Amino acid sequence: MSATAGHAEERTNPAERLGFQPEQVVQEIGYDDDVDQELRESIEEITGQELVDEDYGDVADAVVLWFRESDGDLTDALVDATTMIDEGAPVWLLTPKTGREGYVEPSEIGEASQTAGLSQTKSFNAAKDWTGSRLVTPKGAPGKR
């Protein structure tokens, strides 16, 4: 395999495109049987460890939040997702794509993110049935702990 082919393969790994790094602790919230297993596995492959769940009791380097319209209040879910991450750490909000069951309007994501004290830095095609939004706590924001 050529070096170019290897780099192309790296760029197609969903977790690498999202910026996950080796040794990161990634907390997963909202897991259900509809989540994208390929994305989950690629995150574990890049980080070298299994995703931790909602009950993880230490600080995580990033959060993957699977959220569907029927999951309740998005603002509350985002606030909960930020309680155990450091300032500036990303929350990867994954919502069903347009036309899929559980679709969440972009305006709702924007409003909930802002209310939860997060800034949306980018949106992207995360997986076959999921759209992602990268949310971060603004630098210099008041501490939550």
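Start by selecting R100 in this predicted model: R100 is partly exposed, with a relative accessibility of 37%. Now add D129, the salt-bridge partner of R100, and look for the closest N and O atoms, 2.7 Å apart. R100 sits in the loop between β3 and α5, while D129 sits in the loop between β4 (119–127) and β5 (130–136), so this pair ties together parts 29 residues apart in sequence. D129 is also partly exposed, at 28% relative accessibility.

Next, select D34, R68 and D71, which are joined into one network by salt bridges that share partners. Zoom in on R68 and D71, whose side chains meet with an N to O distance of 2.8 Å. Is R68 buried or exposed? R68 counts as buried because its relative accessibility is 8%, under the 20% cut-off. D71, at 37%, counts as partly exposed.

Then move to R40 and E28, another salt bridge, with 2.7 Å from N to O. R40 belongs to helix α3 (residues 37–47) and E28 to strand β1 (residues 26–29), so the two are twelve residues apart and the pair links distant parts of the chain. Both R40 and E28 are buried. The count of salt bridges in the model comes to four.

For the last stop, select E69, D73, D76, D80, E105, E108 and E111 and show the surface: these residues gather in a patch of negative charge. Helices α4 (74–81) and α5 (106–115) each supply at least two residues of this patch. Finish on E105, in the loop between β3 (90–96) and α5; E105 is partly exposed, with a relative accessible area of 44%.

Definitions and conventions:
Residues numbered from 1 in each chain as written. Predicted model: local features only at pLDDT ≥ 70, side-chain atom pairs only at ≥ 80, totals over all residues. Heavy atoms only, no water. Patch = residues over 30% accessible without salt bridge, like charges linked within 9 Å, V, L, I, M, F, W, Y side chains within 5 Å. Areas by Shrake-Rupley, 256 points an atom, 1.4 Å probe, with all protein chains shown as cover. Lys, Arg positive; Asp, Glu negative; His and termini not counted. Charge placed at Lys NZ, Arg CZ, Asp CG, Glu CD. Helix = DSSP H or I, 4+ residues; strand = E, 2+ residues; numbered from the N terminus. Buried < 20%, exposed > 50% of the residue type's maximum accessible area, 1.4 Å probe, protein only.
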